[in-house]
Amino acid sequence: MKPLDKREVRENYDDLGGGLYDLRYKEEQSRKYDAALQLTRSRGDDLLLDDGCGTGMLLDKICSSCVGLDLSVNLLALAKERLKLNHFLVQGDSEHLPFRAEVFHGVYAVTLIQNLPDKELAVSEMKRVLRTQATLFVTALKAAFNREYLSGLLDGKGFNGFEVIGDEGTNDWIACAKV
Ligand SMILES: C[S@@+](CC[C@H](N)C(=O)[O-])C[C@H]1O[C@@H](n2cnc3c(N)ncnc32)[C@H](O)[C@@H]1O
């Protein structure tokens, strides 16, 4: 398989700007957001990260303060239209999160990792920015990964425990990890 090239990945997602992304994926992604919000309980004063936020469809459902990070400027432009006053957007790379350690009460990474050349590094970055007792919610496309792969990605990263769920209603494996 051809190695992932971040510039190409960004250009491909940029081309989906202009609403095509939402049109194609809204329904499919919604089920994952429902699972995310059920499995992670945030408090009003929490600060959350939506890593690979795309057009901000999950941000739209989050009331706590939240930062959305993504590589694609065009998808972020759509996310901007959904912003609440306590939401912020950053163009950045999940493999090198531009944040201090232990700042977020929760990190979501929905259908992101298939795009990342160094998935191990990205998960280590997610763990680095999480505070003690925080939760990571991460999903992985079933078409690209098996359950063991997602477990292996979380294993040995210093989490206090994690669970991988094979929800039949979605096309992703869903994992929750506790710091
Ligand atoms: C399948 S989309 C999922 C978007 C969003 N999480 C959702 O639920 O709709 C994958 C997203 O990952 C972003 N992405 C790809 N590589 C990235 C990277 N290295 N750093 C940050 N975001 C990246 C893409 O721009 C795209 O928005």
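This briefing walks through a sheet and two of the helices that pack on it. The model is predicted, so take what follows as a description of that prediction. At its heart here is an open sheet of seven strands with mixed pairing, and both α4 and α5 pack on it.

**The sheet**

- Reading across the sheet, the strand order is β3-β2-β1-β4-β5-β7-β6.
- The edges belong to β3 (residues 87-91) and β6, each of which pairs on one side only.
- Ignoring direction, neighbouring strands are turned by 15° against each other on average.

**Around β5**

- As a reminder, strands in a sheet pair through backbone hydrogen bonds, and the pairing can be parallel or antiparallel.
- On one pairing, β5 (130-141) runs antiparallel to β7, with seven bridges between them.
- Want a spot to look at there? Ala 140 stands opposite Trp 173 of β7.
- With β4, on the other hand, β5 pairs in the parallel sense, over five bridges.
- For that pairing, check Tyr 108, whose bridge partner in β5 is Phe 137.
- The link between these two strands is worth a look too: β4, α4 and β5 make up a β-α-β unit, and it is right-handed.

**Helix α4 on the sheet**

- Helix α4 (119-129) packs on the sheet by touching β1 (47-51), β4 (104-109) and β5.
- The direction of α4 makes about 150° with that of β5.

**Helix α5 and its buried face**

- Helix α5 covers residues 147-154, and Leu 150, Leu 153 and Leu 154 in it are buried.
- Why do the buried residues line one face of α5? Viewed down the helix axis, they fall within an arc of 95°, so they sit along one face.
- The cover over those buried residues includes α4, β5, β6 (161-165) and β7 (172-178).
- Against the sheet, α5 touches β5, β6 and β7, and its direction makes about 25° with that of β7.
- Just past the end of α5, Gly 156 takes a positive phi of about 75°.

Definitions and conventions:
Residues are numbered from 1 along each chain as its sequence is written. This is a predicted model: local features need pLDDT of at least 70, side-chain atom pairs count only at pLDDT 80 or more; totals for chains, interfaces and linings use all residues. A residue is buried if 20 or more other C-beta atoms lie within 10 Å of its own, exposed if 12 or fewer, and partly exposed in between; C-beta atoms are placed from the backbone. Helices (H or I, at least four residues) and strands (E, at least two) are DSSP runs, numbered from the N terminus. The arc is that of the directions from the helix axis to the C-beta atoms. Two residues are in contact if their C-beta atoms, placed from the backbone, lie within 7 Å. Two strands pair if DSSP finds at least two bridges between them. Axes are lines fitted to C-alpha atoms, for helices over the stretch in contact, and angles run from 0 to 180 degrees between N-to-C directions. A crossover is right-handed if, with the strands pointing away from the viewer, the path from the first strand over the helix to the second runs clockwise.
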